[in-house]
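Reader: I would like a close look at one part of this protein, taken slowly, with its surroundings described as carefully as the part itself. Could you choose one helix and follow it outward into whatever packs around it?

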Amino acid sequence: MSEGHGNGTEQVGIDELLERVRAGYERIGPQEAAAAAAGGALLVDIRYAALRDRDGLIPGALVVERNELEWRLDPRGSHRAPEAVGHDLRVVVVCNEGYASSLAVASLRQLGLHRATDLIGGFQAWRAAGLPVDG
């Protein structure tokens, strides 16, 4: 039994939270992500600038800092990116190693982006698979 702080919510560790979040959707690997992008999915790179500068970019990916993600991808939001055309948009979130992206997907799904998923292993898996990288 988990202890709470009197607010009626149980406490979970990050590993359990990731497991719960990931159980709610199907994650995809690098080849599937590349195929999804070729088929019109939006790859969204949420890595911070130092990692993008160090490792490069996935060609065609939309770069959105993690702290702006929900505002930029909410199709009804006043600060949405032009690519955020509707709740049926297939979104593949890419972080560095595939952890932060899972939490980001959970947030996007709460906004109604029901086809959002993330890249298993993140950018590092993309690069290791020999897929294109700019820079």
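Author: What follows is an account of one helix, then of the sheet beside it, and finally of some charged pairs. The model is a predicted one, and the description should be read with that in mind.

The helix I have chosen is H2, which covers residues 30-38 and in which Pro30, Ala33 and Ala36 are buried. Looking down the axis of H2, one finds these buried residues within an arc of 120°, so they line one face of the helix. An α-helix has 3.6 residues a turn, so residues three or four places apart point the same way. On the other side of H2, by contrast, Gln31 and Ala38 are exposed. Just after the helix ends, glycine 40 adopts a positive phi of about 110°.

Which elements cover the buried residues of H2? Among them are strand E1 (42-45), strand E3 (91-94) and helix H6 (122-128). Alanine 33, which belongs to helix H2, shows this cover at the level of a single residue. Because its relative accessible area is 0%, alanine 33 counts as buried. Leaving aside residues up to four places away in sequence, alanine 33 touches Ile28, Leu43, Val92, Leu119 and Trp126. Its C-alpha atom is also 9.3 Å from that of isoleucine 120, although the two residues are 87 residues apart along the chain.

The strands that help to cover the helix are part of an open sheet of four strands, which stand in the order E2-E1-E3-E4 with parallel pairing. Strand E2 (62-63) and E4 are at the edges and have a single partner strand each, so one side of each has no neighbour in the sheet. Between E1 and E3 there are four bridges in the parallel sense, and leucine 42 has valine 91 in E3 as its bridge partner. Two bridges join E1 to E2, also in parallel, with valine 44 opposite leucine 62 in E2. On the other flank, E3 pairs with strand E4 (residues 117-118) in the parallel sense over two bridges, and valine 93 has aspartate 118 as its bridge partner in E4. Within E3 itself, Val91 and Val93 point one way while Val92 and Val94 point the other way, yet all of them are buried.

Aspartate 118 leads from the sheet back towards the start of the helix, since this residue also forms a salt bridge with arginine 27, in which the closest N and O atoms are 2.9 Å apart. Aspartate 118 lies in strand E4 and arginine 27 in the loop between H1 and H2, so the pair ties together parts that are 91 residues apart in sequence. Both aspartate 118 and arginine 27 are buried.

Helix H6, named above as part of the cover, takes part in a charged pair too: arginine 127 forms a salt bridge with aspartate 55, with 3.4 Å between the closest N and O atoms. This pair links distant parts of the chain, as arginine 127 is in helix H6 and aspartate 55 is in helix H3 (residues 49-55), 72 residues apart. Arginine 127 is partly exposed, because its relative accessible area is 37%, whereas aspartate 55, at 8%, is buried. Over the whole structure, a search finds eight salt bridges.

Terms used:
Residues numbered from 1 in each chain as written. Predicted model: local features only at pLDDT ≥ 70, side-chain atom pairs only at ≥ 80, totals over all residues. Heavy atoms only, no water. Buried < 20%, exposed > 50% of the residue type's maximum accessible area, 1.4 Å probe, protein only. Arc of directions from axis to C-beta. Contact = heavy atoms within 4.5 Å. Pairing = 2+ DSSP bridges. Salt bridge = Lys/Arg side-chain N within 4 Å of Asp/Glu carboxyl O.
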